[in-house]
Amino acid sequence: MTTKIIMDTDPGIDDAAAIAVAINNPEIELELISTVAGNVTVDKTTKNAMKLVKFFNANVPVAGGAEQPLIKPFEDAARVHGESGMPGYDFGPEPTDIPVNNAVDTLYKTIMANEEPIVLVPTGSYTNIALLLKEHPDVKTKIEKVVAMGGSIGMGNMTSAAEFNVFTDPHAAEILYKSGVPIVMVGLDVTMKALLTQKTLDTIKTLGKPGEMLGAIFSHYYEGHEGGIPMHDVNTLAYLLKPEMYQTTPYWIDVVTDGPAIGETVADIRGAYHNEKTNAEVCVNIDADAFNEWFIDEVKKMKA
């Protein structure tokens with residue numbers, strides 16, 4: 001059995017690693033990559049997605065999406081991912097035929113064309129997903145679940161309160177969490193524990209052309225921490241493929257859309273404000289050693 005997914009993404013270094021896993025793992029059927037402004041501008045994230053599809057000789061369509069958040073002014077993360085979003089490796093000539101602003105329509109058509117509900121995996125801001133849900137509410141019955149990288153029930157990484165993806169477009173995140181679709185929140189509570197160790201990074205570089213490429217872009221990832229580098233977006237695929245590595249707790253998640261805590265995801269931990277209802281399965285812990293072993297195994301499967 002394979003799981004059909006759509007990735008909505010803003011590559012970005014850790015997004016690139018997640019796309020690489022999705023393309024190469026035989027248990028995943030990647031139907032579409034839609035792109036959004038986030039780590040860098042949408043023209044760059046779209047080019048980066050196209051570069052990865054070509055690198056892996058994959059037959060996966062790419063659709064360019066939202067150029068800016070719904071309401072909030074756009075702020076990128078080029079300081080973390082470099083000006084191109086994916087520096088450090090020569091992918092060859094730049095793509096020229098860039099698909100522009102067709103993501104919502106393509107998402108809708110792709111989801112509705114599938115007989116069975118599909119899994120959405122957003123690893124950037126949720127702008128395209130929010131527009132899809134607002135413009136095509138009938139699509140909800142064809143979404144099995146949304147496994148979303150973003151948020152935190154602890155500290156943020158963009159502000160003291162907010163994680164980057166939700167901070168980038170908090171109004172889109174609010175629409176997602178109020179939509180009623182099943183959501184798995186894969187946030188900083190686990191991604192800041194799922195650090196690739198130096199030993200893992202050294203091993204990856206020896207694993208053929210894919211390992212060489214990933215090792216090169218990882219070396220330009222300006223988010224190092226004591227113990228290794230976080231692979232935020234890869235955790236969405238890890239959760240889908242190896243959910244036993246994760247501990248989850250159901251919570252109701254509200255999103256702050258203004259003020260100094262804008263972008264914060266607030267979990268009703270006491271079950272006091274929503275009549276004990278929940279709207280997300282929140283990842284709260286991970287086996288980091290198992291994650292490192294799993295990721296090495298995934299790179300070994302990659303062909304380019």
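# A tour of the predicted model

The protein has 12 helices and 12 strands, where helices (H or I, at least four residues) and strands (E, at least two) are DSSP runs numbered from the N terminus. Its radius of gyration, taken over C-alpha atoms, is 18 Å, close to the 19 Å that the globule rule (2.2 Å times the number of residues to the power 0.38) gives for 304 residues, so the protein is as compact as a globular protein of that length. This is a predicted model, in which local features need pLDDT of at least 70 and side-chain atom pairs count only at pLDDT 80 or more, while totals for chains, interfaces and linings use all residues. Residues are numbered from 1 along each chain as its sequence is written, and side-chain values use heavy atoms, with hydrogens and water left out.

**Whole chain.** Show the C-alpha trace first. The C-alpha atoms fill a box of roughly 55 × 40 × 40 Å along the principal axes. Of the 304 residues, 59% count as buried, that is, under 20% relative accessible area with a 1.4 Å probe and protein chains only (exposed is over 50%, partly exposed in between). Among contacts (heavy atoms within 4.5 Å) with a separation of 6 or more, 83% are between residues 24 or more positions apart.

**The sheet.** Select the eight strands that form an open sheet in the order E3-E2-E1-E4-E5-E6-E12-E9, with mixed pairing; two strands pair if DSSP finds at least two bridges between them. E3 (62–64) and E9 (246–251) stand at the edges with a single partner strand each, so one side of each has no neighbour in the sheet. From one strand to the next the twist averages 25°. Now narrow the selection to E4 (residues 118–122) and E5 (residues 143–149), which run parallel and are joined by three bridges. Leu120 stands opposite Val146 in E5.

**Helices on the sheet.** Add H2 (residues 42–55), which packs on the sheet and touches E2 (28–35) and E3; its direction makes about 155° with that of E2. Then add H5 (residues 127–135), which touches E1 (3–9), E2, E4 and E5, its direction making about 140° with that of E4. These angles run from 0 to 180 degrees between N-to-C directions, and axes are lines fitted to C-alpha atoms, for helices over the stretch in contact.

**Asp15.** Go to H1 (residues 13–24), which holds Asp15. Asp15 counts as buried, at 0% relative accessibility. Leaving out residues up to four places away in sequence, Asp15 touches Thr9, Asp10, Asn39, Thr123 and Asp233.

**H11 and H12.** Select H11 (residues 234–241) with H12 (residues 288–301): they pack at about 95°, with axes 11 Å apart. The two helices are therefore roughly perpendicular, the class for 65 to 115 degrees (under 35 is roughly parallel, over 145 roughly antiparallel, the rest oblique). Val234, Asn235, Leu237, Ala238 and Leu241 of H11 meet Phe291, Trp294, Phe295 and Glu298 of H12. Eight of the eight residues of H11 are buried, so H11 is largely enclosed by the rest of the structure.

**Asn279.** Finish in the loop between E11 (265–267) and E12 (280–286), where Asn279 lies. Asn279 counts as buried at 13% relative accessibility. Beyond residues up to four places away in sequence, Asn279 touches Tyr177, Ile183, Tyr251, Trp252 and Ile253. For a last distance, pick the C-alpha atoms of Asn279 and Leu32: these residues are 247 residues apart along the chain, and the atoms are separated by 26 Å.
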